[in-house]
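Subject: Handing over a structure

Dear colleague,

I am passing on the structure below, together with a short account of what was found in it. Please have the coordinates open while you read, since the notes go element by element.

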Amino acid sequence: MPQDRRPLALALAVALALLASSGGADAARRRHRQRHRRPGARAVAVKIVPSAPALATPPPVPASPGSPFGRVALITERRAYLDRGAADGLKPGQALALARFGRPAGSCTVEVVGDHEATCTGNRPRVGDTFRAARVGARRATVKAAARVIPVLAPLVDEQTLQARAAVVAAGTIEKVEFNGRHALRARATAEVMPGVVAWFNQPDAQGGGYAQERIDAVIRGVPLGGSGFRFDGAFSAMRWSVPAVERFRPGTPTQFYLWEAEASRRLQQGGTTVAVGRLWPYHTPGLTLLDGIQLGRENQAGTAEGGLYGGLIPSAASLAPGFDIWAAGLYGALTQVGTRESTLRLAREEARVGVWHGARTVTEAEALAQLWIGPVVAGGGGRLRWADSGGGLAVEQAHLDLGVRPSPRSGAGLHARYVGATLLPDAPLRAELPMTGGALHALADVHIDLSTRLALAASAGAHREGMTGRHQLHAGAEARFLRLFGETGGLWVGADVEQGWLQGENLYVQFVGQGAGRLQILARLSANGTRFETPTAIWNLHELGGYANLDGVLTPWLRLRAWTLLRAPILVQGALPVEASFGAVAGLGLAGAM
Amino acid sequence: MLALAASAVAVAGATVAARAARGAGAGAADDQDGARDTVILPRRARPRLALPDQRGAGAGAGEAAGATRCGACHLVEGWEKVRFNHDPTGFPLRGVHADVSCNGCHGKSFDKPVADTCSACHRDRHAGEFGLHCEGCHDEKSWRPLFQADAHRRTNFPLVGKHALIPCAECHGNLRDRSFARAAVRCDACHEGDFMRTAAVSIDHLANNYSRECQTCHNTFRFFPASVAAHDACFRITSGSHHGVHCLSCHSALNAAAFTGACATGTFRCSECHSHQCARSDVQHKNVMGYQCATTKCYECHKIGGL
């Protein structure tokens, strides 16, 4: 080496030596920190996987137990279940980057962590989505566990004996799980309170003001009454109305209270005597709704048959106020036949009641309901007969038939027909209402098919005929649903239908169904329709634009918000623009708090 | 609530809306499982996880026959935290169904089928009025339906004009049975009171034997002003300056408002309502042939109000 370059070489050697010394000191410090780390600090070393796309590309294959990649095992409406847990480094609040077929698929936040499983909530994960689970802590635990000497203990019971015992238990005829349903899972008492406001507005309004309503609805379910086996269920609505000068329903009653249910009942899983008393809504009594009285019956142990009696006072149809003017009493019975998973007849149920309705006239009534589930077909029907001694004779007040078939998981069709006859009970709730004396027939057919997860089609048609006036109405429509037009945000529904008969018209609509931020459900609909009124002297037509929006939001697990609005405006009257601006709007806002 | 209403058997529009709402969420289930079915636990679509009382039916390799796989549904965090994937059963638990206890539907055993129709579990508050077609109006998020005015077009009484903008109870007053039944589709089935009330506030419709086809004169967005086609033939009130004039402003003698079918031109006098100064009017019409400052003559030219 030339002499003039010796100082340079010496300086370079010193610099390298210092650099090496520095690195060694860092390594020593790291080793020192590892030797003196507190046990609790080891858990903090779990690696949080950032949601960067570059790191979120694990292989699109199901994760194996030894793989660092976890997998979404299943999902429910609210959360996803993961096959990795605390032992794999997951902890609550951790953000996981999900991947689907090797591509980023959003993220989810770990909610609850078990040893080897966890739940998370996020932007609509799917089963099979993968994520990277940092197994730093798990690996260290494994190494440390391997270092420990675990004494081998002799089994208390040998494997052969265990197998034999398991076989005996499996062959037993008694219930082997003590948790057999007598305790309901999450079947504790619940309560829900829903305050809300609704406003109706019309411009111009010839009747002097729109409607406004403030209301509160409350429901309480399943409150045990001591150890008697009885439970209490109740529901009521209270509302305050601001109404225009002319009102038809309960005029002059701005404050209204409706008690829907206040019932103490005993109905056990293992059958036996069933009792309900109070303002009740009787079981297995088709056509009978509110009753201030009692239902007393007997159910067999298998839960396939029940019979008994009911009786009580009928509250007012308009106000639900209790009264002594009308009472009803009778007998009821119900049967259920249950097939096996392989049998053709899977389920059938029949209900019937016979009784007396005593009001302004005494009426004998009989009503029955049946429903069959045979393979992919569900069929049901029922009807009500009433007989009045003092005039009126025998009347078929109501009959209905429903058929439904779902030949495949993605398609289905239904046929529904209903006859509504003239009622023998003279208690129309509205003033100045003319009773229907001729009966009416209604029918509807609908069909739908999901061509793919992105496109579905549906169609429906219906017919109505009223016996009293002979007026009839036909309608038919079709709808195409682009389920994922906006990706995970939602889809678009486009449909049209036409009406013929005493009122003719066409209707076009576009509807958005989607969600936002995982907490909002949105339904927004825009429609345009035209209607023609045919009269003996003229044909009036009216074209309108309409909109409807409904927003459901989950504010907290126990608080929901619902807001909705409806708008209508005529755009053409007799083919010309309206003489003056007219529109109407209805808007509602409500909260639902559940406990 | 406006969200409530229907007088006919079934409401396809609401069905569509309900299925749409359900379909929006069901898509994910379709994707993940590839198959759904209408029946509970068909053999080909049994969930991968065994039900609590399917002892051994879904046990994997290495598990002893007869073993109860509690972990298939229950979590170590608590017995009540159940994670059973209900989607492959053909009845995905959505909306409020997600919070219902298992035996609320299954009773004593998961082996017994449960129908996937609403009416199999829910009692009918409508007294049979709508048969077993609950999903025509209701969905799973809340029993309060999303039913709205467009869906009412599937009934025999489409809600047109202001009919879509009034509380349901104004027509469907039976709260006890929630039957939503209405008397008839004729206007006077509900508006009989309004028809009779005209004796006090307008031309007495009954005394003048007016037709009860209310839509002949009235439309559904506004009851007033009425539009009388026969009246326009003689004197236009549907549009122009005289649009919106109350009937009683001109027809002070109510019996003169009877529709005879014959045009009553000549019975009115413009000057009864419009004060004219002939001196001024004469100047304005000095070149108009046949002009005469005399009542009834105005209308010979000014047949359309406002000209």
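Among the contacts in chain A between residues at least 6 apart in sequence, 49% join residues at least 24 apart. Please keep in mind that this is a predicted model. Chain A contains four helices and 28 strands, and of its 595 residues 30% are buried.

The first region to look at is a run of paired strands. Strand S17 (residues 377-388) of chain A pairs with strand S18 (residues 393-408) of chain A in the antiparallel sense, over twelve bridges, and within this pairing Gly381(A) stands opposite Leu401(A) in S18(A). S18(A) is in turn joined by nine bridges to strand S19 (residues 411-420) of chain A, again running antiparallel; here Leu403(A) stands opposite Leu415(A) in S19(A), and a hairpin of two residues leads from S18(A) to S19(A).

The pairing then continues from S19(A) to S20(A), which are antiparallel over ten bridges, with Ala417(A) opposite Ala443(A) in S20(A). S20(A) also pairs with strand S21 (residues 455-466) of chain A, in the antiparallel sense and over eleven bridges, and the two form a hairpin with four residues between them. In that pairing the bridge partner of Asp450(A) is Ala456(A) in S21(A).

Strand S20 (residues 440-450) of chain A deserves a separate look, as its side chains alternate: Ala440(A), His442(A), Leu444(A), Asp446(A), His448(A) and Asp450(A) point to one face and are buried, whereas Leu441(A), Ala443(A), Ala445(A), Val447(A) and Ile449(A) point to the other face and are not buried. Such alternation between the two faces of the sheet is what a regular strand shows.

Turning to the nonpolar cores, the largest has 21 residues, of which Ala80(A), Leu82(A), Leu96(A), Leu98(A), Cys120(A) and Phe131(A) touch the most other members. At least two residues of this core come from each of strands S1 (69-75), S2 (80-82), S3 (95-100), S4 (103-113) and S5 (118-122) of chain A, and S1(A) gives the most, with five residues. Leaving aside residues up to four places away in sequence, Ala80(A) touches Val72(A), Ile75(A), Cys108(A), Thr119(A), Cys120(A) and Pro125(A). A second, separate core has 18 residues, among them Leu280(A), Trp281(A), Ala317(A) and Ala328(A).

With best regards

Definitions and conventions:
Residues are numbered from 1 along each chain as its sequence is written. Chains are lettered from A and ligands numbered from 1 in the order in which they are written. This is a predicted model: local features need pLDDT of at least 70, side-chain atom pairs count only at pLDDT 80 or more; totals for chains, interfaces and linings use all residues. A residue is buried if 20 or more other C-beta atoms lie within 10 Å of its own, exposed if 12 or fewer, and partly exposed in between; C-beta atoms are placed from the backbone. Two residues are in contact if their C-beta atoms, placed from the backbone, lie within 7 Å. Two strands pair if DSSP finds at least two bridges between them. A nonpolar core is a set of buried Ala, Val, Leu, Ile, Met, Phe, Trp, Tyr and Cys residues joined through C-beta atoms within 7 Å.
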